[in-house]
Number of protein chains: 2
Amino acid sequence: METKPKVTIDDVAKSAGVSKSTVSRIINNVPGVKPVTRFKVNRAIEELGFTPNIMARSLKTKLRRQIALAIDDIRNPYYPELAWAAEQVAKQNNFRLVLINHYGNPSEELAVLKEANDMHVDGIVLLSTSHPKTLTKVIKKAAVPVALIGNYEEDMPADWVGLRENEGYVAMDHLIRIGRRRIAYAGNTTLHRGARYTAYVQSLASHFMEFNRSLVYTGERLAIDTGLEAARYFYHLNEIPDAVFAANDLVAIGVTQGLISLGLRVPEDVAVVGIDNIPWCTLTTPKVSSVSNLVGEMGRIAVERLILRIGDESKAFERITLEPRLIVRESTVKQI
Amino acid sequence: METKPKVTIDDVAKSAGVSKSTVSRIINNVPGVKPVTRFKVNRAIEELGFTPNIMARSLKTKLRRQIALAIDDIRNPYYPELAWAAEQVAKQNNFRLVLINHYGNPSEELAVLKEANDMHVDGIVLLSTSHPKTLTKVIKKAAVPVALIGNYEEDMPADWVGLRENEGYVAMDHLIRIGRRRIAYAGNTTLHRGARYTAYVQSLASHFMEFNRSLVYTGERLAIDTGLEAARYFYHLNEIPDAVFAANDLVAIGVTQGLISLGLRVPEDVAVVGIDNIPWCTLTTPKVSSVSNLVGEMGRIAVERLILRIGDESKAFERITLEPRLIVRESTVKQI
DNA sequence: CTGTTAGCGCTTTCAC
DNA sequence: GTGAAAGCGCTAACAG
């Protein structure tokens, strides 16, 4: 099965004329080895092209230096950023990332935890969609520590990082702060139980601004063409709004491009802000302001916590809540 | 480091009153074990919650049932589809996928191969950007088999899957076949050494159609707004084109939405086709026709070959070239 | 400072 | 059919 006849620590020891413990010390950077010996051994390692067999090492140390990243579906648009950030932290700590899709399928998801041991991993970062109660039970049984992203229950025996769900307020706040007074809404009224639309209505109220039904363009599909349609709609109002809060970035991009193709200026005439901060926000002219859900940050933090816990399982579990972050770009504030 | 005191094969053996060899036979489905014994052992396994230690097993068998997927950058937009397809095949074969980003950095990339052994993997699917010559040398030294995607050199000791680079011709062919005669081009003239633009020009020529400079809209950034601009430009021509070949899907989406917002019908008045077949093509109205680079297919094939090779290293290396696939959607052919 | 020794948990001949 | 025993390649006491 193996082409090249693997060279082992014994081969090195023999070739360098020392014992394998000495070789072991050297490859593990254990101090207290005579420089001469170290040199001889290193040369032998070099010559023979020796690389330690991780299986054997892990069998001894119980440390596999791998963690699993278990998410619902890799095709989820947030995944790349999450995985990228997670991988960076893992790499810094000399860990590798194993990828698992559980497809939001509770049984698969739980299987991930159950089989953790099968997986050559020391811990799992889990972006779960399961019911928290069920999850709690399973985490308790898992063979390795778990760090959770997003789904959370009081007594879960795991580190956790999540996001405060006030993105809508952050976006609205921004528009109001930059002096806009006739703010429109484009998007649906159902996403996340209507949270974004609710934020629109309530932000207006708490700033004593009038709610005007005609400033709401409802389109269920949060895609670019909904935004384009919204732009056309707003354009033909008697009084054009001076700002648009879009339920997500796709809509915001559509609104922005739509308004521009109708001859309006963004942000001078109309400011536009979206939510989610997808990469595309920076690929348009003007670049679109947005509210980031810090998915990368969550990945980073989850992996950090996990690795810390792998090093010391006795620490108290941490619960970290992040605030969505406003990213100001050209669609709301003219850049120099 | 481990919370739960791992239960081993010896514990099971003792509890079932058999030897560990018998337990081993049972967990590996070796035939020739008395049903009664099998039953007793299985019950013990169940009761104790035993799961075999993969490290120990691998140390013996040399099979880790993991493969690495090494790509330039997980944030590359093709990655999710590639990884998803790869993971499906891996899973079917009871393999897991480990993720490695090499950032198109040749040294990182080569390191991936060199450290293959360190990685608990039995093989590597590599999407390389390194110079083929260098790559060849390193592959020869790699401890495990490699399957290559995209980059290729005659004497590489690896299975390989790639794509024929005629996407442009496929797209043009489609427009011509559906009877369009006044075909415009939107995009840049430099991508892939200008291959797409060249395909435009040459396709016209080989069908004895006139090349008309005014039907070419050049925008370097292949993004949505370039498409919107192109739409405006074509709209104001004396004679509007009856089809647009866009250098990529983003431009095609922009062109389509732009034309529609100007009151034209797609595909009745103008047919639009893009290239790359990004997921967004199906998120717009009308859905955009495109040419797929079969990135998922390549991932699938690469993993399949790799797993076959892991099972038998002696087979001859395979070179597979895929043809880009036309995906007809609403932007070129009216759907019922 | 270095070598000897005893496993880690499992698979796999080889006997019985 | 089943068990005993010998490692897989490495680490980690423990001596010396």
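## DNA strand D

In this predicted model, a base nitrogen of DNA strand D sits 3.3 Å from a polar backbone atom of A:Ala56. The phosphates of strand D are also contacted. A polar side-chain atom of A:Ser24 comes to 2.9 Å from a phosphate oxygen of DNA strand D. From chain B, a polar backbone atom of B:Lys34 is 2.8 Å from a phosphate oxygen of DNA strand D. Four elements each give two or more residues to the surface near this strand: α2 (20–27) and α4 (54–61) of chain A, and α2 (20–27) and α4 (54–61) of chain B. The largest share comes from α2(A), with five residues.

In total, 26 residues surround DNA strand D. The closest are A:Ile9, A:Lys20, B:Thr22, B:Arg25 and B:Thr37. By class, this surface has eight nonpolar, 10 polar and eight charged residues. Of the strand D atoms within 4 Å of the protein, 56% belong to sugar or phosphate. The rest belong to bases.

## DNA strand C

Around DNA strand C there are 26 residues, and A:Ser21, A:Arg25, A:Thr37, B:Ile9 and B:Lys20 come nearest. Sugar and phosphate make up 56% of the atoms of DNA strand C that come within 4 Å of the protein. The surface near strand C divides into eight nonpolar, 10 polar and eight charged residues.

Both chains make polar contacts here. An N or O atom in the side chain of A:Lys60 lies 3.0 Å from a base nitrogen of DNA strand C. A polar backbone atom of B:Ile9 is 2.3 Å from a phosphate oxygen of strand C. B:Arg57 places a polar side-chain atom 2.7 Å from a phosphate oxygen of strand C. The elements giving two or more residues to this surface are α2 and α4 of chain A with α2 and α4 of chain B. The most comes from α2(B), with five residues.

## The annotated domain and A:Ser58

An unreviewed UniProt entry lists residues 7–61 of chain A as "domain: HTH lacI-type". Over residues 7–61, chain A is 69% helix and 0% strand. The end C-alpha atoms of this stretch are 21 Å apart.

A:Ser58 is in helix α4 of chain A. Its relative accessible area is 4%, so A:Ser58 counts as buried. Leaving aside neighbours within four places in sequence, A:Ser58 contacts A:Leu63 and A:Arg64 in its own chain, plus B:Met55 and B:His120. A:Glu313 is 255 residues away along the chain, and the C-alpha atoms of A:Ser58 and A:Glu313 are separated by 18 Å.

## A:Asp73

A:Asp73 lies in the loop between β1 (66–71) and α5 (79–92) of chain A. A:Asp73 counts as buried because its relative accessibility is 17%, under the 20% cut-off. Its side chain reaches the backbone nitrogen of A:Arg75 at 2.8 Å. Not counting residues up to four places away in sequence, A:Asp73 touches A:Tyr79, A:Asn101, A:Tyr103 and B:Trp84.

## Nonpolar cores

The largest nonpolar core has 92 residues. Those with the most contacts inside it are A:Tyr200, A:Phe245, B:Tyr200 and B:Phe245. Beyond its neighbours within four places in sequence, B:Phe245 has contacts that include B:Met172, B:Leu175, B:Ile183, B:Tyr185, B:Tyr200, B:Val273 and B:Ile275. B:Arg196 is also among them. A second, separate core of 56 residues includes A:Ile71, A:Val125, A:Ile301 and B:Leu97.

Notes
Residues numbered from 1 in each chain as written. Chains lettered and ligands numbered in written order. Predicted model: local features only at pLDDT ≥ 70, side-chain atom pairs only at ≥ 80, totals over all residues. Heavy atoms only, no water. Near = heavy atom within 4 Å. Polar contact = N/O pair within 3.5 Å; in protein donor to acceptor, adjacent residues only side chain to side chain. Nonpolar A, V, L, I, M, F, W, Y, C, P; charged D, E, K, R; others polar. Core = buried A, V, L, I, M, F, W, Y, C linked by side-chain atoms within 4.5 Å. Buried < 20%, exposed > 50% of the residue type's maximum accessible area, 1.4 Å probe, protein only. Contact = heavy atoms within 4.5 Å. UniProt positions renumbered as here; feature names shortened; annotations may be inferred.
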